[in-house]
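Here is a friendly walk through one protein chain, starting with its overall fold and then visiting a few residues in turn. Keep the sequence and the 3D view at hand as you read.

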Amino acid sequence: MLFRSTYVGDKIPRLYERYQDLALAFPSARVVFMTRNLVDVAKSWKARANDSDDTLWPPSMDVNEAIRQWNESHHTTLAAIDEMDIFVLRFEKLFELGDISPLFDFLDLEVTDGTQKWWGWTRARYLERRAGDGDDNGRAALSWLESSRIARAGDIQARETLIQMAASRGRLI
């Protein structure tokens, strides 16, 4: 069976390292950049790095590496936002607001009844899971030293600037 798609997409966490290549190969590419609170990212990375059963995640991908890559992704996206068509999707707001139409508008896609139903179910599951697990959502707690490192080394201002730039362009959830 042959499928025809308007868009081909994939979750590529380190796409920011290849923005220039992407722009050269696909000059009209649309990029959805998902940003998430650095504390939540660091907790998630720590949990995976400490999980000996997670053979796909090396121990070196720890809190320090989370901070480094988080900073780099925001700085690189900030540098590219004037050259590329980038939509910034704040993970926390996506589930809080529940309205996916700005993202679909950016992609020139219609939010169908089926899509709304699927999104409602997905959002409800996420919120239910989040409420049941508390703030840590099953992730590893950060030590005082790790929290201090995030406060010192995490470039929160870069994220805020990126969010402001995306909002001024109507490219933000």
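## Overall fold

The protein has 8 helices and 2 strands, in what is a predicted model. Starting at the N terminus, the order of these elements is α-β-α-α-β-α-α-α-α-α. The radius of gyration is 17 Å, close to the 16 Å that the globule rule gives for 173 residues, so the protein is as compact as a globular protein of that length.

Along the principal axes, the C-alpha atoms fill a box of roughly 45 × 35 × 35 Å. Contacts also tell you something about how the chain is folded: among those between residues at least 6 apart in sequence, 77% join residues at least 24 apart.

## Surface and charge

How much of the protein is buried? Of its 173 residues, 37% are buried. The accessible surface comes to about 11100 Å², and carbon and sulfur atoms account for 53% of that surface.

The protein carries 23 positive and 27 negative charges, and the mean positions of these two groups are 1 Å apart.

## Aromatic pairs

Now for the aromatic rings, which form 7 pairs in this model. In one of them, the ring centres of Trp45 and Trp57 are 5.1 Å apart and the planes stand at 85 degrees; the pair is edge-to-face because this angle is over 60 degrees. This pair links distant parts of the chain, with Trp45 in helix 2 (residues 38–49) and Trp57, 12 residues away, in the loop between helix 2 and helix 3 (63–80). Are these two residues buried or exposed? Both Trp45 and Trp57 are buried.

Another pair is made by Trp118 and Trp119, with ring centres 6.1 Å apart and planes at 45 degrees, so this pair is tilted. Trp119 is buried, with a relative accessible area of 6%. Trp118 and Trp119 also belong to a cluster in which ring pairs link them with Phe91, Phe95 and Tyr126.

## A closer look at Tyr126

Tyr126, a member of that cluster, is found in helix 6. The relative accessible area of Tyr126 is 12%, so this residue counts as buried. Which residues does Tyr126 contact, leaving aside its neighbours within four places in sequence? They are Phe91 and Phe95. Phe95 is 31 residues from Tyr126 along the chain, yet their C-alpha atoms are separated by 7.6 Å.

## Helix 2 and Arg48

Helix 2, which holds Trp45, is also the place of Arg48. Arg48 is partly exposed, with a relative accessible area of 31%. Apart from neighbours within four places in sequence, Arg48 is in contact with Asp54, Leu56 and Trp57, so you meet one of the residues from the edge-to-face pair again here. For a long distance, look from Arg48 to Met165: they are 117 residues apart along the chain, and their C-alpha atoms are separated by 32 Å.

## Helix 7 and Leu145

Helix 7 spans residues 144–153 and includes Leu145. Leu145 is exposed, with a relative accessible area of 63%. In the same helix, Glu146, Ser148 and Ile150 are buried, and the cover over the buried residues of helix 7 includes helix 2 and helix 3.

How far apart are Leu145 and Trp119? They are 26 residues apart in sequence, and 38 Å apart in space from C-alpha to C-alpha.

## Strand 2 and Asp85

Asp85 is found in strand 2, which covers residues 85–90. With a relative accessibility of 26%, Asp85 counts as partly exposed. Not counting residues up to four places away in sequence, Asp85 touches Ala29, Arg30, Val31, Phe106 and Arg171. Take Ala29 as an example: this residue lies 56 residues from Asp85 along the chain, while the C-alpha atoms of the two are separated by 6.8 Å.

## An unusual backbone angle

Most residues other than glycine have a negative phi. Asp108, however, has a positive phi, near 55 degrees. Where is Asp108 placed? Asp108 sits in the loop between helix 5 (101–106) and helix 6 (113–133). Asp108 is exposed, with a relative accessible area of 58%.

Note on methods:
Residues are numbered from 1 along each chain as its sequence is written. This is a predicted model: local features need pLDDT of at least 70, side-chain atom pairs count only at pLDDT 80 or more; totals for chains, interfaces and linings use all residues. Side-chain values use heavy atoms; hydrogens and water are left out. Helices (H or I, at least four residues) and strands (E, at least two) are DSSP runs, numbered from the N terminus. The radius of gyration is taken over C-alpha atoms; the globule rule is 2.2 Å times the number of residues to the power 0.38. Buried means under 20% relative accessible area, exposed over 50%, partly exposed in between (1.4 Å probe, protein chains only). Contact means heavy atoms within 4.5 Å. Accessible areas come from the Shrake-Rupley method with a 1.4 Å probe; for residues, only the protein chains shown count as cover. Lys and Arg count as positive and Asp and Glu as negative; His and the chain ends are not counted. The place of a charge is taken as NZ of Lys, CZ of Arg, CG of Asp or CD of Glu. Rings of Phe, Tyr and Trp (its six-membered ring) pair if their centres lie within 6.5 Å; planes under 30 degrees apart count as stacked, over 60 as edge-to-face and the rest as tilted.
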